[in-house]
Amino acid sequence: MMIRTLSTLECTKLLIANRVGHLACAKDGQPYLVCFNYAYADNHLYAFSLPGKKIDWMRANPLVCAQVDEHTQGRGWRSVIVDGRYEELPDKIGHRVQRDHAWAVLSKHTDWWEPGALKPVMPPVSDSLPHIFYRIHVEQVSGREASE
């Protein structure tokens, strides 16, 4: 196998081309890793979730790491690591433009809402589930590729 480093542009193209990755966060010295669906735009990974452990931990420590990979020909693969910062996009005055942008980026993809359990309602209604839109600001990106 030949392994090479991906350029920043190649890393960005891989992030754009894929929709599923792994998101790592940490709290009190304990790491936590989950699969997540995202959409990449303007140097951010956009996602949404229902409340839970992942959101609680990222609120406590916004420094996160995401990994996205894909298989290539034969036993080949590409993998990108993103070091970033969690930014919540609450449904409040002052965040509307950012939240609407997240909605627009995510909704470009078919069934973008399925991993989040239920499709969010826009605008939200008082009895709807409290979906949390967030983004990961990409602070650093690196990648590798292996080929036969």
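1. Glu-87. In this predicted model, Glu-87 is partly exposed, with a relative accessible area of 24%. Its side chain meets that of Arg-135 in a salt bridge, 2.5 Å from N to O. Glu-87 sits in strand S7 and Arg-135 in strand S8, so the pair ties together parts that are 48 residues apart in sequence. Arg-135 counts as buried, at 13% relative accessibility. The cut-off matters here: buried means under 20% relative accessible area, so Arg-135 falls on one side of it and Glu-87 on the other.

2. Glu-88. The next point concerns another glutamate of S7. Glu-88 and Arg-59 meet through their side chains in a salt bridge, at 2.8 Å from N to O. Glu-88 lies in strand S7 and Arg-59 in helix H2, so this bridge links parts that are 29 residues apart in sequence. Glu-88 counts as partly exposed at 24% relative accessibility. Arg-59 is also partly exposed, at 46%.

3. The salt bridges overall. The count comes to eight salt bridges. Side chains of opposite charge can pair when their charged atoms come close. One of the bridges joins Arg-78 and Glu-70, whose closest N and O atoms are 2.7 Å apart. Arg-78 is partly exposed, with 28% relative accessibility. Which residues do shared partners join into one network? They are Arg-4, Glu-10, Glu-70, Arg-78 and Glu-145. The Arg-78 to Glu-70 bridge thus has both of its residues in that network.

4. The overall layout. The protein has three helices and eight strands. Along the sequence they follow the pattern β-α-β-β-β-β-α-β-β-α-β. Of its 148 residues, 38% count as buried. The accessible surface comes to about 8500 Å². Carbon and sulfur atoms account for 54% of that surface. Contacts reach far along the chain: among those between residues at least 6 apart in sequence, 69% join residues at least 24 apart.

5. The largest nonpolar core. In soluble globular proteins, nonpolar side chains tend to be buried together. Here the largest nonpolar core holds 25 residues. Which of them touch the most other members? Leu-23, Leu-45, Met-58 and Tyr-134 do. Several elements give two or more residues to this core: helix H1 (8–17), strand S2 (20–27), strand S3 (30–37), strand S5 (44–49), helix H2 (53–60), strand S6 (63–71), S7 and strand S8 (132–147). The largest share, four residues, comes from S8.

6. Met-58 and the second core. Met-58 deserves a look of its own. Leaving out residues up to four places away in sequence, Met-58 touches Leu-23, Cys-25, Val-64, Tyr-86, Tyr-134 and Ile-136. Two of the residues named in the previous point, Leu-23 and Tyr-134, are in that list. There is also a second, separate core of 10 residues. Its members include Ala-41, Phe-48, Ala-102 and Phe-133.

7. The aromatic pairs. The count comes to four aromatic pairs. In one of them, the rings of Tyr-86 and Tyr-134 have their centres 5.4 Å apart. Their planes stand at 45°, so the pair is tilted. Tyr-86 belongs to strand S7 and Tyr-134 to strand S8, so this pair ties together parts that are 48 residues apart in sequence. Are these two rings on buried or exposed residues? Tyr-86 is buried, with a relative accessible area of 6%. Tyr-134 is buried as well, at 1%. S7 and S8 are therefore tied by this ring pair and by the Glu-87 to Arg-135 salt bridge.

8. Trp-77 and the surface patch. Trp-77 is found in strand S7, which spans residues 77–88. Trp-77 is partly exposed, with a relative accessible area of 30%. Together with Met-1 and Ile-3, Trp-77 makes a nonpolar surface patch of about 300 Å².

9. Asp-28. Where does Asp-28 lie? Asp-28 is in the loop between S2 and S3. Asp-28 is exposed, with a relative accessible area of 77%. Asp-28 and Trp-57 are 29 residues apart in sequence. In space, their C-alpha atoms are 9.3 Å apart.

Methods: Residues are numbered from 1 along each chain as its sequence is written. This is a predicted model: local features need pLDDT of at least 70, side-chain atom pairs count only at pLDDT 80 or more; totals for chains, interfaces and linings use all residues. Side-chain values use heavy atoms; hydrogens and water are left out. Patches are made of residues with over 30% relative accessible area and no salt bridge: like charges are joined within 9 Å, nonpolar side chains (Val, Leu, Ile, Met, Phe, Trp, Tyr) within 5 Å. Accessible areas come from the Shrake-Rupley method with a 1.4 Å probe; for residues, only the protein chains shown count as cover. A salt bridge is a side-chain nitrogen of Lys or Arg within 4 Å of a carboxyl oxygen of Asp or Glu. Buried means under 20% relative accessible area, exposed over 50%, partly exposed in between (1.4 Å probe, protein chains only). A nonpolar core is a set of buried Ala, Val, Leu, Ile, Met, Phe, Trp, Tyr and Cys residues joined through side-chain atoms within 4.5 Å. Contact means heavy atoms within 4.5 Å. Rings of Phe, Tyr and Trp (its six-membered ring) pair if their centres lie within 6.5 Å; planes under 30 degrees apart count as stacked, over 60 as edge-to-face and the rest as tilted.
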